[in-house]
Amino acid sequence: MSSPTIWSSGRYDAVGERIAPIAAQVVDAAEQRRALGGADVVDLACGTGSAALAAAARGARVTGVDYTPELVAIAQERDGADAVTWRVGDASDTGLPAGAFDVAVSNMGIIFVDPYRQVSEIVRLLKPAGALAFSAWVRNVENPLFDPVVAVLGAPAKAAFSPDQWGDTVVLTERLGDHFDDINVQRGEHRWEFESMAAALHWLRAESPVHVETFRRADTAQQELLATEFEKALRPHRQRSGAVAFTSPYVVVSARKAHSA
């Protein structure tokens, strides 16, 4: 599982707030599978709890689980948080009772976890015919939030899995197919918008956990190169107003646990 140190860097809620609309879509997709009023729902890798709170607002009994205590602490202070049971724990090894949940949701969370361990845990947690809904980023040809890192620090080391693999329909179908039926994939474009180039660079250097940690691990010369490359990548997205805006593709995936699982 991703290190909690990474996710506690910077200010994760500055990311969570921006992607909260996708969390609402995840909960919508879950509710299309199973009415949430009175349902038992688990939000895995819940971060600061946007999906958990959205499900609770619809009358679900919700448990939110995240590996990073700092994020759970933020979630516990949000409006409506008293309606959710919050736990610090590994999304792929929650320790929660088997067959305890009608629905499992995750907003850009479980994609960072070992996929086979995670799918196994979701199958264990869900009741027969339980519903799953989650979101994932889709790999794009150009990514101004990632390309500068490769330009300065090189491509990341080969890994057994990467988050954006969940955005590939073939891959996600292979991972879910033995355990879930009626897999549905909805596609969207998330709009990132910053009031200025300075605001965008501040978000990268001081708020977005992954980027904050990238800058922290770089030496001084690399940090300056990173800032330069980020500005170069973002420059084509500067609006006449001075704002910086671009979109990132994503999917919302939903499925139903197979009776044989």
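Author: Let's start with a term: contact means heavy atoms within 4.5 Å. This is a predicted model, where local features need pLDDT of at least 70, side-chain atom pairs count only at pLDDT 80 or more, and totals for chains, interfaces and linings use all residues. Residues are numbered from 1 along each chain as its sequence is written, and side-chain values use heavy atoms, leaving out hydrogens and water.

Reader: Okay, so which residues is Asp66 in contact with, leaving aside neighbours within four places in sequence?

Author: Those are Ala45, Cys46, Gly47, Leu71, Val72, Arg87, Val88 and Gly89. Asp66 itself sits in strand β2, residues 61-66; strands are DSSP runs of E, at least two residues, and helices are runs of H or I, at least four, numbered from the N terminus.

Reader: Is Asp66 buried or exposed?

Author: Buried means under 20% relative accessible area, exposed over 50%, and partly exposed in between, with a 1.4 Å probe and protein chains only. Asp66 is buried.

Reader: And which side chain of opposite charge is nearest to Asp66?

Author: For charges, Lys and Arg count as positive, Asp and Glu as negative, while His and the chain ends are not counted. A salt bridge puts a side-chain nitrogen of Lys or Arg within 4 Å of a carboxyl oxygen of Asp or Glu. Here the nearest is Arg78, 11 Å away, and Asp66 has no salt bridge. Still, a polar atom of the Asp66 side chain lies 2.8 Å from the backbone nitrogen of Gly47.

Reader: Why is Ala73 called partly exposed?

Author: Because its relative accessible area is 36%. Ala73 belongs to helix α4, residues 69-76.

Conventions:
Polar contact = N/O pair within 3.5 Å; in protein donor to acceptor, adjacent residues only side chain to side chain.
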